[in-house]
Amino acid sequence: MNNMKYRTAIEIRNAIEAGEITALEVVEYYLAKIKVEDKAINAFLETFDESALESARKIDAMKKAGEALPRLAGVPVAIKDNMTIKGQISSCSSKILENHRASYDATVVKRLKVAGAIIIGRTNCDEFAMGSSNETSFWGAVHNPWNLKKVPGGSSGGSAAAVSAGFVPIALGSDTGGSIRQPAALCGITGMKPTYGRVSRYGLIALASSLDQIGPIAHTAQDCALVLEVIEGIDEKDSTSLELDEKVVPELIEKNFKGMTFGVPREYFIDGMDEEVRKSVEEAIELIKQNGGEIKKISLPLTDYALAAYYIIQPAEASSNLARFDGIRYGTRAQTDNLWKSYLHARGDGFGAETKRRIMLGTYILSAGYYDAYYKKALAVKTEIFNDFKKAFEQVDVIVCPTSPAVAWDIGEKFNDPIAMYLADIFTVSANIAGIPGISVPCGENNGLPIGLQFLGASMQDGKILRAASAYQSLTDWHQKDPK
Amino acid sequence: MANIEFNLDRVAKLAMLELTDQERAKFQEQLPSIVAYISKLQEVDTSNTDAKTYLSDRVNVFRADEVCDSDEDTHSRLIAAFPNSKGDALEVPGIFE
C-alpha cells in the first residue's frame, strides 16, 4: 500500500474499527516508509518489525472475532530510546548502554500495549536526554524533515522527526527542560509535557528525577489527549506520581476559547528572538482574542533566572542518576585489575562529551563547599518560580507564549557553544521547574521552518491547555502541513 | 565574569570520569563560564523561601514491607543482562586488594 489516507491516531483507530483498513496494512505501510525514508533522517534506532506485525495480526483477529477494540487498537507508536520495552535494547542513545536489554516494560509502554497500540520501534534522542538538538546521540544526529541540514530539536528529536516525517502517527518523548515541546516546535507538530506526577516515570531511565515527565507527540492536540488518557494516572511503582483530580477525556475537550483568559508574559518576548517567531505568536494571540479569549498582560519576574536554576538542578540530579553506570552492571567491564581504573574507563569510554560536561557540572554543584550556594539556592529559586506561576494562574486560565526563541538551526552550528545551546530552552524550562503542564502547537513558519506556540497551564490543569490547543487547531491549519 | 574556581581534576575524580586531553582542554574553558552563568541566581532574594525538591505535598509514599518473589522470566532476563555471571550468581570484580 503506497498511500495512507489516514494521518492521525484517531483516524487510524476509527478506520480499523470501521473495517476500512486492517492493522496489518497500517503497520506494513509505516514499516515500509521507515525503511526507505529514514536513512536520510535517522529518527529510528530500531524498528520491531516481527513483534509489530504480530501485534497487528492480533488486533485484526480481535476485529474479525467481533471483540470490542481497545482505545488505541492498531495504532503504531514510537518510543524514545530512554524508556524500557521488555526484551528490547534501551540505550538512551549512549554507548554505555548499547547492550542494555530491558527486563521490564515501562508503565507507559505497558498501558499503551493494553490499549492495543503497536510498539513499532525506538527513536533516537540526545544522549541520556541531554540536549536541545539531537546531535549528542552515539548513533548520529537526527535531521529535521523540513530541511535535512537542520536540527530537529532535542532531546526527543527522533520521536518528533518520526511523527513530522509521517513515519508514525504518535510517539512518546520525555521532557525535562523542554525536550518534547521544543522539538515539536522545530518539527512543526504537537507535543505535550503533562503536569509533573501525572504520568508514571517507572521505566523512564532517569535524567533529573524532579523534572522528568513522559508525554505524547502527535500531529494534533486531540491525538495528544488520547495518548495522555491511556498513559496517565497514579502508579504504585512511581512514588512521585499523583492522583488525578480529573482524567482527560478527548471526546469531551471543548474546541473554543469562550470564557478563557490568556496571560501573555512580557518576559517571553525578548531581544534577540527570531522576529518571525515573535510575529507568528502575536498573530496567534490576536486570533485567540478575536475568537472569544480574553488576553491579559502578565509578568513572570523570575523568568530570567529559570534557565540558571535549571542548569543547576538538572546536572546535579543527572550526576547522581548516572553514577550507576560504571561498568559493573551497565556498560563494558574494562580489562584491568584495578577496580577504580575500571570505573573511570567504563565511564570515560562510554559517555559522550555533553553527558560528561553535565556530570562534571552536577558533581561540582553538589560537592562540599558549593552545595548550599548552588543546589540549595536553586531549589529555593524553584519554589519562587512556582509561586510566580501560582500568582499568574490566579489571574488567568492559560499562559500563551513562544516555545522556542528560534526556528531550527544548522546541524553543527551551536554544537561547540554549550551556553548558546542551553539558551534554546529559555521558554520551556520554567514549566519543568514549576511542575506545570505545557503544550506546543505549530503556528507559523520562517523560510519553510516551523514555529511553535506554547500554552502553559496550572498544575493538574492539563485539560485546559489541551482545550486551548484544540481550539487553536480548529481555527488554523498549521498542524495539517507536512514537510516536502 | 566573576573569578570562578573550578578544579577540574578534583571534580573529575569525584565524578569518576576519565577525560581525554581534548576534553580536559575544552572543559577547562567551558565549565567555569557555565558556572559563571548559573551564579546569577545569587541575585535572587530567597531569604524567606523553603528549598524543596518536590513541590507536591505527598510524603512518605511507602508500600507494605512484604517479601514477594520475582517471576522466573524477570529473574532470567536480569541475569542475562548482567555482564558476567556463573549460573544464578553474578560476578563482580573484587573490592579488596
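How many nonpolar, polar and charged residues does the lining of the largest cavity have? Keep that in mind while you get the view set up; the answer comes at the first stop. One thing before you click: this is a predicted model.

**Stop 1: the largest cavity**

Select A:Ala129, A:Gly131, A:Ser179, A:Tyr310 and A:Asp425, which lie nearest the centre of the largest cavity among its 14 lining residues. The space in there is about 60 Å³. Now for the opening question: by class, the lining has 5 nonpolar, 7 polar and 2 charged residues. Helix α9(A) provides the largest share of that lining, with 3 residues. In total the structure holds 4 cavities of 30 Å³ or more.

If you want to see how such voids turn up at all, rolling a probe the size of a water molecule over the atoms shows where empty space is left.

**Stop 2: the second largest cavity**

Next, pick A:Trp146, A:Gly188, A:Pro442, A:Gly444, A:Glu445, A:Pro450, A:Trp478 and A:Lys481, the lining of the second largest cavity. About 40 Å³ of space lies inside. Colour by class and you get 4 nonpolar, 2 polar and 2 charged residues. Which strand gives the most to this lining? That would be β10 of chain A, residues 438-446, with 3 residues.

**Stop 3: the largest pocket**

Now bring both chains into view. Select A:Ser103, A:Tyr104, A:Tyr202, A:Arg329 and B:Leu78: of the 47 residues lining the largest pocket, these are the closest to its centre. The pocket holds about 1,500 Å³ of space. Show α4 of chain A (107-114) and α3 of chain B (72-81) as well, since each supplies at least two residues of the lining. The lining as a whole divides into 17 nonpolar, 13 polar and 17 charged residues.

**Stop 4: α9(A) against α11(A)**

Back to α9 of chain A, this time as residues 303-321, together with α11 of chain A, residues 353-366. Their axes come within 7 Å and cross at roughly 100°. That angle makes α9(A) roughly perpendicular to α11(A). To see who is touching whom, select A:Tyr311, A:Ile312, A:Gln314, A:Pro315, A:Ala316 and A:Ser319 on α9(A). On the α11(A) side, add A:Arg358, A:Ile359, A:Leu361, A:Gly362, A:Thr363, A:Ile365 and A:Leu366. This contact has 8 nonpolar, 4 polar and 1 charged residues.

**Stop 5: α11(A) against α2(B)**

Keep α11(A) on screen and add α2 of chain B, residues 21-38. The two axes come within 11 Å and cross at roughly 50°. α11(A) and α2(B) are therefore oblique to each other, and their crossing is right-handed. From α11(A), the contact uses A:Ala353, A:Lys356, A:Arg357, A:Met360, A:Leu361, A:Tyr364 and A:Ile365. From α2(B), it uses B:Glu23, B:Lys26, B:Phe27, B:Gln30, B:Leu31, B:Ile34, B:Val35 and B:Ile38. Sorted by class, that is 10 nonpolar, 1 polar and 4 charged residues. Note that A:Leu361 and A:Ile365 appear in the contact with α9(A) and also in the contact with α2(B).

**Stop 6: backbone oddities**

Last, switch to the backbone of chain A and have a look at a few loops. As background, most residues other than glycine have a negative phi, and most peptide bonds are trans.

- Zoom to A:Gly154 and A:Ser155, which are joined by a cis peptide bond with omega about 10°. A:Ser155 lies in the loop between β3 (118-123) and α5 (157-164) of chain A.
- Go to A:Asn42, in the loop between α2 (23-37) and β1 (44-47) of chain A. A:Asn42 has a positive phi of about 65°, although it is not a glycine.
- Finish at A:Ser93, another non-glycine with a positive phi, here about 50°. Look for A:Ser93 in the loop between β2 (76-80) and α4 of chain A.

How values were computed
Residues numbered from 1 in each chain as written. Chains lettered and ligands numbered in written order. Predicted model: local features only at pLDDT ≥ 70, side-chain atom pairs only at ≥ 80, totals over all residues. Heavy atoms only, no water. Axes fitted to C-alpha atoms, helices over the stretch in contact; angles between N-to-C directions. Helix = DSSP H or I, 4+ residues; strand = E, 2+ residues; numbered from the N terminus. Parallel < 35°, antiparallel > 145°, perpendicular 65-115°, else oblique. Contact = heavy atoms within 4.5 Å. Nonpolar A, V, L, I, M, F, W, Y, C, P; charged D, E, K, R; others polar. 1 Å grid on protein atoms, 1.4 Å probe; cavity = no way out; pocket = protein on both sides within 12 Å on 5 of 7 lines; lining within 4 Å. Points joined across faces, edges and corners; volume = space filled by probe spheres on them. Left-handed = near helix turned anticlockwise from the far one by under 90°.
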